[in-house]
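Subject: Structure handover

Hello,

Here is the structure for your records, followed by what was found in it. Please look it over before reading the notes below.

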Amino acid sequence: MRRHPGLFLSLIIIAAIIAGVFVYPKGVGKTVEPWKLGLDLVGGSHLVYSIDLSNVSSTDQSSVIAGLRDVIEKRVNLFGISQPDIYTSQSGNQAQLFVDLAGITNISDAINEIGQTPLLQFETVVTNGSNTASSTASSSPLNALDTASTTQYIPTNLTGQYITGATLTFDQTTNAPTVSISFNSTGATLFEEITAANVGKPLAIFLDGQLIEAPTVQQAISGGQAVISGGFTVATAQQLVERFNAGALPAPITLESQQTISPSLGSDSLKKLIVAGIIGTLLVMLFMIFYYRLLGVFAALALIIYIALTLGVFKLISVTLSLAGLAGFVLTIGTAVDANVLIFERIKEELKRGLPKSSAIEEGFRRAWPSIRDSNTSTIITSIILYFFTSSFVQGFALTLGIGTLVSLFSAITTTRLFLRFFLKDDKVK
């Protein structure tokens, strides 16, 4: 990079141009996905549900809450609501579930459907034609049933109300992840009867009418304990545990409040924030040019590249932009400029000492780096803490602040330095 600053600078500029095209709000020829905007920017509905954990043991509560969130997300998706934001919070035996439905202002049917307790149902499988479901594996892939010419599911009397819990376990021989299910006395009797009548056949398990697993029965199972094994990863096995617990353990949800945000209000907030961000950025650039002159011009160019690259990262990883998230991004613009201020002041000190400009630039960056590193590291640590220990809008703020700070480090240390190395010679800096 030191020997070929022009080449690396050209690559960064090209990347910034591509990012600028990528982040264009309406896309280019409809080939670029639109921005994913939060509820407060496009309007919609904000629902708050309370989760009754009074009949759930403390060891099962986290699994039940995660399972409920997964079920509610699937229910919302059935209504064609794109990219809902669903999150939970818990304090002791009190828990809440939040549902943000961006762009949806009339959702009475969805509210009714969301509020139902998940239903877990065991059904036997009857197939006409070729059935390729494995009779040797204890858990067959769901698509194994798809190859049968006709598949018919027959409900049984065994439902989630007879399950006392599900846990993630591991096979003692292979150490592969498995799912253990426990039934109460009534459920144990029903399960033994069903498995005895369906040895060698798949037993379909539905949650809210959706097939979640179809294990093949190897033998009649008594004692109220069952293990589902197969091609699970730890993540997929844990997800199945959460779904079992969501549909099995009694944890009803109750709608506490509903807030509707009009699209016009969200659009107005977005326009005001964009205008404020543009004005603020221009003022910062003018200040840097006025105070540092030529150095300020390079800082302004680096800031434009920083903005394009950061927005490109946001869109690439599909960050949901809310007012709080955009505020975090605007804050990082000041952080990016702050790093340049430290660097330029160090460069001016080295020039006063009589160093040639090229040497002053390198020494200025070297001496400014510890301060830049420490201040940005503290900001990143704060962002991580806010992201993992808060929820909703604060998480959005923390995410954009953390990503923006990381990109600002690259901008200050790499982009600005390349500009100075390529354009400045050993003459006086004005």
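In what order do the three strands of the open sheet with antiparallel pairing stand? The order is β6-β7-β10. Please keep in mind that this is a predicted model.

The edges of this sheet are taken by β6, residues 163–170, and β10, residues 225–228. Each of the two has a single partner strand, so one side of each lacks a neighbour in the sheet. From one strand to the next, the twist averages 20°.

Within this sheet, β6 is joined to β7 (residues 177–183) by seven bridges, and the two strands run antiparallel. As a point of reference along β6, I163 lies opposite F183 in β7.

The other sheet to report is also open. Four strands make it up, in the order β2-β3-β1-β11, again with antiparallel pairing. Why is one side of β2 and of β11 left without a neighbour in the sheet? Both stand at the edges, β2 with residues 85–91 and β11 with residues 253–261, and each has a single partner strand, so nothing in the sheet adjoins the remaining side. On average, neighbouring strands here are turned by 15° against each other, with direction ignored.

For the pairing of β1 with β3, the details are as follows. β1 covers residues 44–52 and β3 covers residues 94–102, and nine bridges link them in the antiparallel sense. In this pair, S45 stands opposite L101 of β3.

Regards

Conventions:
Residues are numbered from 1 along each chain as its sequence is written. This is a predicted model: local features need pLDDT of at least 70, side-chain atom pairs count only at pLDDT 80 or more; totals for chains, interfaces and linings use all residues. Side-chain values use heavy atoms; hydrogens and water are left out. Two strands pair if DSSP finds at least two bridges between them. Axes are lines fitted to C-alpha atoms, for helices over the stretch in contact, and angles run from 0 to 180 degrees between N-to-C directions.
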